[in-house]
Each structure stands twice: as C-alpha cells, then as structure tokens.
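Trainee: I'd like to go through the pocket and the ligand in this one. Can you tell me what stands behind each label?

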Amino acid sequence: MIIIRKFKPSDFRWVIDIERKVFDEHDPYLYMQFYETYPESFVVAEINGFVVGYVAGFMAKEGVGRVFSLAVHPSYQNRGVGGNLLKEIIWVLQRFGVTEIILEVRSGNIRARRFYERHGFRQIGIKEKYYNDAENACLMKLEIK
Ligand SMILES: CC(C)(COP(=O)(O)OP(=O)(O)OC[C@H]1O[C@@H](n2cnc3c(N)ncnc32)[C@H](O)[C@@H]1OP(=O)(O)O)[C@@H](O)C(=O)NCCC(=O)NCCS
C-alpha cells in the first residue's frame with residue numbers, strides 16, 4: 001500500500017538516496033532549503049515504511065505552480081507511485097489557488113515526458129541548453145479548470 005504524506009526532515013536521507021539514483025546532477029542542500037521554504041508542498045510516497053519517491057512543488061507566482069522535482073526509486077517505478085505523487089502535488093497546488101502548473105523536463109527524458117502527458121501536461125516550449133550538460137529542457141504546462 002502506498003502512503004502519500006508530507007516530507008519530514010527524517011526522510012531527507014531517503015530523498016537524497018533516490019535523487020542520487022535517478023538524476024545526473026545532485027544538490028542535496030537544495031532539498032533541505034526547499035523544505036524550509038515550502039514545507040506544505042514537499043510530499044513523499046512510503047511503502048512498507050520505506051520512502052520510495054518524492055515530489056517538490058511550489059507556487060512560483062500568483063496562480064502559477066511549479067514542479068521542482070519528482071522522482072521514484074528505480075525499484076519502485078511503474079506501479080503508480082509517480083502518478084500518485086503527481087496527483088497529490090497538483091491537488092496541493094490547486095488548494096493554493098493555482099490555475100496552471102509548469103515544469104521542465106530533459107528533452108531526452110522521453111519516459112518522463114510521456115508520463116506528464118498522460119497526466120494532462122502539454123509541451124509549451126523549449127529552453128535551449130538549460131541543463132549543465134547543455135541538454136535542452138521541454139517546458140510543459142498543465143491547465144487546471
Ligand atoms: C517519471 C517517474 C517519476 C515516473 O514514476 P513511476 O512511479 O514510474 O510512475 P507511474 O508508475 O505512476 O507511471 C509509469 C508507468 O507505469 C504504468 N503504471 C502505473 N501504475 C501501474 C500499476 N499499478 N501497475 C502497472 N503499471 C502501472 C503506467 O502505464 C505508466 O506509464 P506512462 O509512463 O506511460 O504514464 C519515474 O520514472 C522517475 O523517477 N524517473 C526518473 C526521474 C525523472 O525523470 N523525473 C521526472 C523529471 S523531473
């Protein structure tokens with residue numbers, strides 16, 4: 001059973017472990033800073049007492065939410081954890097009053113792009129050489145009715 005709940009500081013080591021496994025660029029301190037700034041919109045997924053995924057979102061400006069980072073431990077992917085996390089952050093941001101949610105994803109990350117599209121996000125632009133290794137980012141947006 002998947003439990004979706006708010007991040008707490010003792011989850012930090014799990015989040016960093018997942019981040020190291022799935023992303024090429026790492027900045028553990030960003031997550032602690034994120035929690036200090038946006039504690040209400042940092043959410044984790046727990047299975048059998050283990051944190052297996054997280055999503056961090058925030059309200060970037062009035063009416064506009066952003067997904068800062070979303071990841072699921074490789075051993076727990078493809079069983080609905082990411083989808084549950086994304087639905088939760090959409091719901092949290094919606095409660096803050098956002099009417100659209102924006103995110104960036106590596107243009108080569110076809111799996112994540114398809115995942116976001118399945119959840120209603122549409123590509124609205126490209127940010128050229130957005131990442132440290134010069135890969136482009138796809139800018140995606142979800143309109144909330
Ligand atoms: C993108 C990512 C977050 C998706 O997480 P996930 O837990 O695998 O997502 P889900 O299981 O909800 O959905 C993945 C697929 O599993 C399938 N699936 C969902 N629930 C399922 C279930 N109960 N049983 C079997 N398959 C299922 C869906 O068909 C879905 O397909 P889709 O990707 O075409 O939409 C994950 O792959 C990840 O962490 N990737 C690395 C980090 C990353 O790229 N993050 C996004 C960029 S910031």
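Mentor: α1 (12-22), α2 (28-37), β4, α3, β5 (100-106) and α4 each supply at least two residues of the lining of the largest pocket. This is a predicted model, where local features need pLDDT of at least 70, side-chain atom pairs count only at pLDDT 80 or more, and totals for chains, interfaces and linings use all residues. Residues are numbered from 1 along each chain, and side-chain values use heavy atoms, with hydrogens and water left out.

Trainee: What makes α1 a helix and β4 a strand here?

Mentor: Both are DSSP runs numbered from the N terminus: helices are H or I with at least four residues, strands are E with at least two. β4 gives the largest share of the pocket lining, 7 residues.

Trainee: What makes a space a pocket, and which residues line the largest one?

Mentor: On a 1 Å grid over the protein atoms alone, a pocket is an open set of points with protein on both sides within 12 Å along at least five of seven lines, and lining residues have an atom within 4 Å of a point. By that rule 38 residues line the largest pocket, with Phe23, Leu70, Asn109, Ala112 and Tyr116 nearest its centre.

Trainee: Where does the ligand sit?

Mentor: In the largest pocket; that label requires more than half of a molecule's atoms to lie within 2 Å of the pocket's grid points.

Trainee: What makes the Asn109 pair a polar contact?

Mentor: The cut-off is a pair of N or O atoms within 3.5 Å. A polar side-chain atom of Asn109 lies 2.7 Å from a ligand oxygen, so the pair qualifies. A backbone N or O atom of Asn78 also passes, at 2.8 Å from an oxygen of the ligand.

Trainee: Which element gives the largest share of the shell around the ligand?

Mentor: α4, with 6 residues.

Note on methods. A polar contact is a pair of N or O atoms within 3.5 Å; within protein, one must be able to donate a hydrogen and the other to accept it, and residues adjacent in sequence count only if both atoms are side-chain atoms. On a 1 Å grid over the protein atoms alone, a cavity is a set of points where a 1.4 Å probe fits but cannot get out, and a pocket is an open set with protein on both sides within 12 Å along at least five of seven lines; lining residues have an atom within 4 Å of a point.
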